[in-house]
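Dear colleague,

I am handing over a structure that may be new to you. Please look through the sequence and the coordinates first, and then read the notes placed after them.

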Amino acid sequence: MIDPLTSIGRLAGAGLEAQSARLRIVAENLANAQSTGSTQGADPYSRKTILFESKFDAALGAERVRVDAIVNDDDTPFRIEYDPGHPAADADGNVKLPNVNMLMEMADMREATRSYEANLQMMKQARSMVSMTIDLLRGS
């Protein structure tokens, strides 16, 4: 079993890693928000989402979060826009656009950023507590 201050750092590190992956997926969705298919009637970019799982870590004596899977959002339909001159337009002139909702991505990014900052703050506090403990031991 690891001491509590070290386990705090490892738990916060796992949280930082998970939120970092989440931010990378949000950035990928935003970058591909206008990516259509390359051929006539082809499907465009499909929004990705990230799934987390918590797994018990016996060494830490606590549950750690980790990325379980990155999946395509198949439930949200593609947007359809009439643009007969587009290379990806079907026979009726409709183009399928990605199912990325910019507002939803921005909200997800904000939530991931706040979670990242909370984990970072937890790591800073653990470091500060370790430093204070070392200072106390030096003084005695």
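The notes below describe the overall form, the build of the chain, the annotated region and the surface.

Please bear in mind that this is a predicted model.

As to overall form, the C-alpha trace of the protein spans about 80 × 25 × 20 Å along its principal axes. The radius of gyration is 22 Å, whereas a compact globule of 140 residues would have one near 14 Å.

The protein contains two helices and four strands. Read from the N terminus, these elements follow the order α-β-β-β-β-α, with a helix at either end of the series and the strands between them. Among the contacts with a separation of 6 or more, 61% are made by residues 24 or more positions apart.

One region carries an annotation. The UniProt record, an unreviewed entry, assigns residues 93–135 to "domain: Flagellar basal-body/hook protein C-terminal". In the model, that stretch is 79% helix and 9% strand, and the C-alpha atoms at its ends are 72 Å apart.

Turning to the surface, 26% of the 140 residues count as buried. The protein exposes about 9000 Å², and carbon and sulfur atoms supply 54% of that area. Its charged side chains comprise 15 positive and 20 negative ones; the centres of these two sets lie 9 Å apart.

With kind regards

Note on methods
Residues numbered from 1 in each chain as written. Predicted model: local features only at pLDDT ≥ 70, side-chain atom pairs only at ≥ 80, totals over all residues. Heavy atoms only, no water. UniProt positions renumbered as here; feature names shortened; annotations may be inferred. Rg over C-alpha atoms; globule rule 2.2 N^0.38 Å. Buried < 20%, exposed > 50% of the residue type's maximum accessible area, 1.4 Å probe, protein only. Contact = heavy atoms within 4.5 Å. Areas by Shrake-Rupley, 256 points an atom, 1.4 Å probe, with all protein chains shown as cover. Lys, Arg positive; Asp, Glu negative; His and termini not counted. Charge placed at Lys NZ, Arg CZ, Asp CG, Glu CD.
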